[in-house]
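Please look through the sequence and the model shown below before reading on. The report that follows takes up a few places in the chain, one after another.

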Amino acid sequence: MRTPLPRINRRARVTFIVLACVVLLFVLLGWLVNAWTDYLWFSEVHYTSVFTTLLWTRLGLFVVFGLAMALIVAGNLYLAYRLRPFLRMHSPEQQTLDRYRSILAPRIGLWIGLFAGFVGFFSGLSAQGHWREWLLFSNAVPFGVQDPQFHTDISFYVFDYPFWRYLVGVGFTAVVLSVFSSLAVHYLFGGVRLQGAGERMTGAARAHLTALVASFVLLKAISYVLDRRGLLLSHNDGPDVWGAGYTDVNALLPAKEILAWISVVVAVAIVVFSNAVIRNLLWPGVAVGLLVVSAIAIGGIYPAAIQGFTVKPNIQAKEATYIQRSIKATRDAFALSDVQTTQYTASATTPPANLADDANTVQNIRLLDPSVVSSTYTQLQQVRGFYDFTQKLDIDRYNLNGKLQDYVVGIRELDYNNLNPQQGNWQNQHTVYTHGFGFVAAPANQSVCAGQPFFVSGFLDDQQTPPGQQQCQADTDQIPVGQPRIYYGENMDPYAIVGQTDPKKNVEYDRPSNSTTPYVTYTGSGGVSVGSYWRRVLYGYKYKEFNFLISSVFNGNSKILYQRDPRQRVQTVAPFLTLDGDPYPAVVNGRIVWILDGYTTATTYPYSQQIDLQDATSDSLTGAGFARQAQENINYLRNSVKATVDAYDGTVTLYAFDDSDPVLRAWNKAFGGNIIKPSSAIPPELAAHFRYPEDQFKVQRQLLTRFHVTDPVVFYNGQDIWDVPLDPAGGGAKQAPYYLLAQFPGQSESTFQLTAAMTPRSRQNLASLITGSYVDGKPRLQVLQLPDDTQITGPGQADQKMSNDDGVRQQITLLKGSANLIQGNLLSLPVGGGMLYVEPLYLQSQGQNAYLQLKYVLLNFGQYVGFDTTLSGAIAKLLTSAGAANSGNPPGNGPPPTPPPSGSPSATPSTPPNPANDAVTLAVDKINTALAHLKSAQQSGDFVAYGQALQELQQAINEYNQAVQAAHASPAPAGPPTPSLAPSPPG
């Protein structure tokens with residue numbers, strides 16, 4: 001006798017239903033609150049079209065695909081039930097199944113609906129996550145470029161192919177679920193039997209299940225057709241490039257087509273032989289086996305044979321065409337087609353005597369490293385302990401007093417972790433300490449007052465230098481800002497409550513000042529109104545904060561500012577963009593704005609190299625002020641958008657920087673066609689602050705390690721592969737690129753550019769320099785390539801030379817016990833026909849609240865090293881080192897012998913006068929004259945005159961050496977005077 005299934009009593013059912021409704025209510029309530037507050041936020045920034053497009057697209061995909069999947073599964077389940085046999089053979093198996101049939105049969109529609117609803121719900125959830133594929137598919141625009149194999153526009157691969165792949169995947173899922181669920185119903189209701197005599201499957205069940213299997217095989221035929229196009233996106237293992245190779249084109253392409261036709265034939269055979277001819281599963285099974293064998297033989301063994309016997313013995317010749325395709329596609333997809341390559345011999349091994357005269361590069365050398373001097377800005381410019389600067393500062397250029405100069409800039413924000421317990425309560429944190437203040441800048445090439453930056457802007461009050469003291473900062477703001485308050489920044493609290501009905505009641509702490517009130521009220525257009533009680537209830541639930549309901553800080557004009565991080569605001573407004581990891585502030589028309597670079601990417605550009613975005617953009621600074629990119633493989637990237645966020649009112653503006661980018665045009669079309677302003681709308685004052693984007697540069701730098709080679713034979717042989725050098729101070733990570741204002745060979749003027757050095761694979765000498773800049777508003781990528789047969793010192797080697805210099809090592813040893821020494825950015829500069837390496841060295845005491853100060857500047861040129869507390873002094877030491885080496889004395893940075901004054905015994909020959917000795921005396925007089933000129937230039941602070949005096953001194957030393965050689969038979973004067981004897985240089 002069967003044991004009846006336990007029944008749930010009425011009270012338990014009611015309790016279960018009530019609990020389920022409560023859980024569902026809280027889930028839906030949280031979703032509705034988030035959706036409503038998101039809509040209010042999008043209304044604030046005037047991008048509601050983005051919200052509505054995303055909402056309706058995701059809901060539409062959820063409903064369409066969820067409903068389609070539910071109907072397919074439900075239809076097959078219902079069909080399997082309707083095709084059940086009304087007379088079933090008696091067997092122990094059927095008797096066991098009777099108890100389940102008795103439960104399901106009375107409410108079969110309900111059970112089918114529940115299962116189909118379950119499947120449809122999760123299918124819809126999966127589908128709504130594919131909104132990107134659908135929007136690009138439905139708003140595709142042509143690239144105007146065709147792939148080299150099928151001559152199809154690239155738009156098919158970028159816009160159409162991903163969505164077709166998704167559709168086929170959904171089809172496979174629907175068929176597989178239908179097969180197994182229908183098989184279960186057929187078995188449960190007797191259409192399929194495992195025991196008993198006769199047929200194991202009724203004719204109706206066989207027809208149903210074989211039709212589903214045939215559908216699966218037809219989908220496989222479609223998949224084979226798509227696979228043919230997908231070969232252009234596959235990896236070619238032989239030459240290690242992406243895209244279809246020789247074997248793919250000559251073996252796999254025809255094999256995929258043959259397999260597609262075989263699949264169609266097999267699908268027809270399954271239906272016909274199972275139901276019209278033989279009416280059993282033997283021949284359909286044979287047909288499926290034929291498909292499997294064909295897939296192995298035609299799609300596996302045959303291509304492997306072609307690869308092994310045809311390609312491998314002559315792979316260079318066979319793959320040359322396809323390597324060339326990959327090179328061209330990769331350079332096109334990553335904007336490398338217009339790279340300007342300039343040969344730079346770097347043959348000079350001795351620094352030129354007029355090195356200090358180089359006004360375009362040397363005098364602009366960046367001494368302040370924005371990645372390490374943040375603590376200096378904080379200590380010298382915070383005034384109050386709760387002010388702070390971001391972990392990494394930024395660098396930009398400004399034209400002040402007719403001179404273009406790069407500046408290390410930062411925003412004085414709030415550090416909520418430094419609020420004391422009283423300041424850190426809810427009311428103070430969210431209604432009093434609401435904003436930062438000031439745009440702080442200092443010239444990147446200048447240090448004053450024992451290694452401090454010379455601040456020129458962002459002062460909290462007027463600055464006056466007492467008479468007789470050295471001026472450590474400007475007296476007034478040289479970069480004036482009309483609205484210096486920062487409500488939107490990288491360190492801001494998640495939300496702030498602002499606004500007052502009483503204009504005299506200011507509660508927001510502004511800044512410490514002797515001349516103005518320290519409290520203000522926000523008057524900007526940003527924020528969402530929370531003046532009504534129901535709005536406060538809404539945001540109280542969102543932030544799980546009861547104070548929204550009971551606090552007295554709210555009034556009719558109260559507004560809430562949230563999503564205050566510039567990167568987060570732009571990412572929310574433009575979810576289709578990949579944002580650069582380093583937003584930077586700039587003063588544009590008197591307002592502080594954050595500038596962000598936005599990238600459009602793709603993963604299906606045919607023949608283009610796949611690259612891991614996270615790996616390519618990670619270096620020694622990633623995570624230390626640079627946001628880490630997501631780990632994803634891409635094979636197309638464009639810096640198509642420049643975005644701005646107003647630091648006061650949070651206004652987000654998107655500008656097209658590359659109007660021709662098809663991916664950007666497709667996205668703009670998908671969101672209504674007007675969320676991105678054309679490039680013609682970019683104000684010139686804003687464009688003047690655009691920088692070559694760092695993450696794009698890092699990706700291009702990584703690709704250029706191989707794809708600077710355009711000859712397929714050389715590319716395959718791997719004879720000219722580069723590496724990104726390791727940062728000498730970066731703990732084994734790649735060296736980060738750096739911005740600087742310089743004029744490199746091939747450039748007509750000083751240019752603000754992003755630069756990186758490259759080394760040959762597995763070697764440390766220099767292979768090339770890569771620079772990215774904007775010329776006339778257009779991006780320019782330039783490669784300075786050194787000859788292959790040279791051994792020019794690379795960054796790591798230069799750092800070792802400077803660190804191992806006797807004088808440098810001695811000073812470092814003396815300082816290590818009492819302070820921390822921090823290495824700054826190692827700059828590689830092509831000047832004077834050679835390579836000049838510059839590395840600032842910072843000193844940080846071990847006391848509390850210690851900050852960095854520039855202690856030394858280290859230089860390396862060829863085999864020579866110079867270091868001093870100033871750049872000009874380091875140049876003088878460098879020339880000293882080179883001059884001493886050329887005169888036969890050992891180079892170094894230690895004190896040289898005292899020069900003989902004119903007419904001294906050591907300068908006067910002991911033998912009778914002769915013309916050679918007269919020349920020596922004359923040369924000594926010229927050296928003394930040059931030293932006098934050096935002293936005069938030092939006192940006047942004239943860099944140009946100082947450089948001319950150095951050149952004069954170098955020429956006098958050369959004449960002295962020639963005179964000594966001519967008078968080798970006569971007693972020689974004391975060792976040659978050198979520039980290191982000069983007074984401290986200006987600066």
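## Loops, sheets and a surface patch

Ser762 is a residue of the loop that runs between strand S25 (751–760) and strand S26 (768–775). In this predicted model, its phi is near 65°, which is a positive value in a residue other than glycine. Ser762 counts as exposed, because its relative accessibility is 69% and the term is used for values over 50%.

A second residue with a positive phi is Lys544, where the angle is near 50° and the residue is again not glycine. Lys544 is placed in the loop between H13 and helix H14 (547–550), and with a relative accessibility of 63% it too counts as exposed.

Another loop offers a contrast in burial. Gln747 lies between strand S24 (738–742) and S25, in the loop that links them, yet Gln747 is buried, with a relative accessible area of 6%. Leaving aside residues up to four places away in sequence, Gln747 touches Ala742, Gln753, Thr771, Arg780 and Gln782. Of these contacts, Gln782 is 35 residues away from Gln747 along the chain, while the C-alpha atoms of the two are separated by 9.7 Å.

The table sets out the relative accessible area of five residues treated in this report.

| Residue | Relative accessible area | Class |
|---|---|---|
| Ser762 | 69% | exposed |
| Lys544 | 63% | exposed |
| Val264 | 31% | partly exposed |
| Glu44 | 12% | buried |
| Gln747 | 6% | buried |

**Two open sheets**

Strands of a sheet pair through backbone hydrogen bonds, either parallel or antiparallel. One open sheet in this chain has 3 strands in the order S11-S15-S14, and their pairing is antiparallel. Strand S11 (495–498) and strand S14 (528–529) stand at the edges with a single partner strand each, so one side of each has no neighbour in the sheet. Between S14 and strand S15 (residues 559–562), the antiparallel pairing extends over 2 bridges, and Val528 stands opposite Ile560 in S15. Helix H13 (residues 533–543) packs on this sheet and touches S11, S14 and S15, with a direction that makes about 30° with that of S15.

Val528 also has a contact with a residue from another part of the chain, namely Glu44. Glu44 is found in helix H1 (residues 10–45), and at 12% relative accessibility it counts as buried. Besides Val528, and not counting residues up to four places away in sequence, Glu44 touches Tyr488, Gly526, Gly527, Arg569 and Asp649.

A further open sheet of 3 strands follows the order S5-S6-S9, again with antiparallel pairing. Here strand S5 (394–400) and strand S9 (439–443) are the edge strands, each with a single partner, so that one side of each is left without a neighbour in the sheet. From one strand to the next, the twist averages 45°. S5 and strand S6 (residues 403–411) run antiparallel and are joined by 7 bridges, and among the residues involved, Ile395 has Val408 in S6 as its bridge partner.

**A nonpolar patch on the surface**

Which residues form a nonpolar patch on the surface? The patch is made of Leu218, Trp261, Val264, Val268, Val271, Val272, Phe273, Leu282, Trp283 and Val286, and together these have about 890 Å² of accessible area. The elements that give two or more residues to the patch are helix H8 (246–277) and helix H9 (282–311), and H8 gives the most, with 6 residues. Val264, one of the patch residues, is found in helix H8. Val264 is partly exposed at a relative accessible area of 31%, and because patches are made of residues with over 30% relative accessible area, this value meets that cut-off.

**The chain as a whole**

The chain has 25 helices and 32 strands. Of its 987 residues, buried ones make up 53%, and the chain exposes about 43200 Å², with carbon and sulfur atoms supplying 57% of that area. Among the contacts between residues at least 6 apart in sequence, 68% join residues that are at least 24 apart.

Methods: Residues numbered from 1 in each chain as written. Predicted model: local features only at pLDDT ≥ 70, side-chain atom pairs only at ≥ 80, totals over all residues. Heavy atoms only, no water. Patch = residues over 30% accessible without salt bridge, like charges linked within 9 Å, V, L, I, M, F, W, Y side chains within 5 Å. Areas by Shrake-Rupley, 256 points an atom, 1.4 Å probe, with all protein chains shown as cover. Salt bridge = Lys/Arg side-chain N within 4 Å of Asp/Glu carboxyl O. Helix = DSSP H or I, 4+ residues; strand = E, 2+ residues; numbered from the N terminus. Buried < 20%, exposed > 50% of the residue type's maximum accessible area, 1.4 Å probe, protein only. Contact = heavy atoms within 4.5 Å. Pairing = 2+ DSSP bridges. Axes fitted to C-alpha atoms, helices over the stretch in contact; angles between N-to-C directions.
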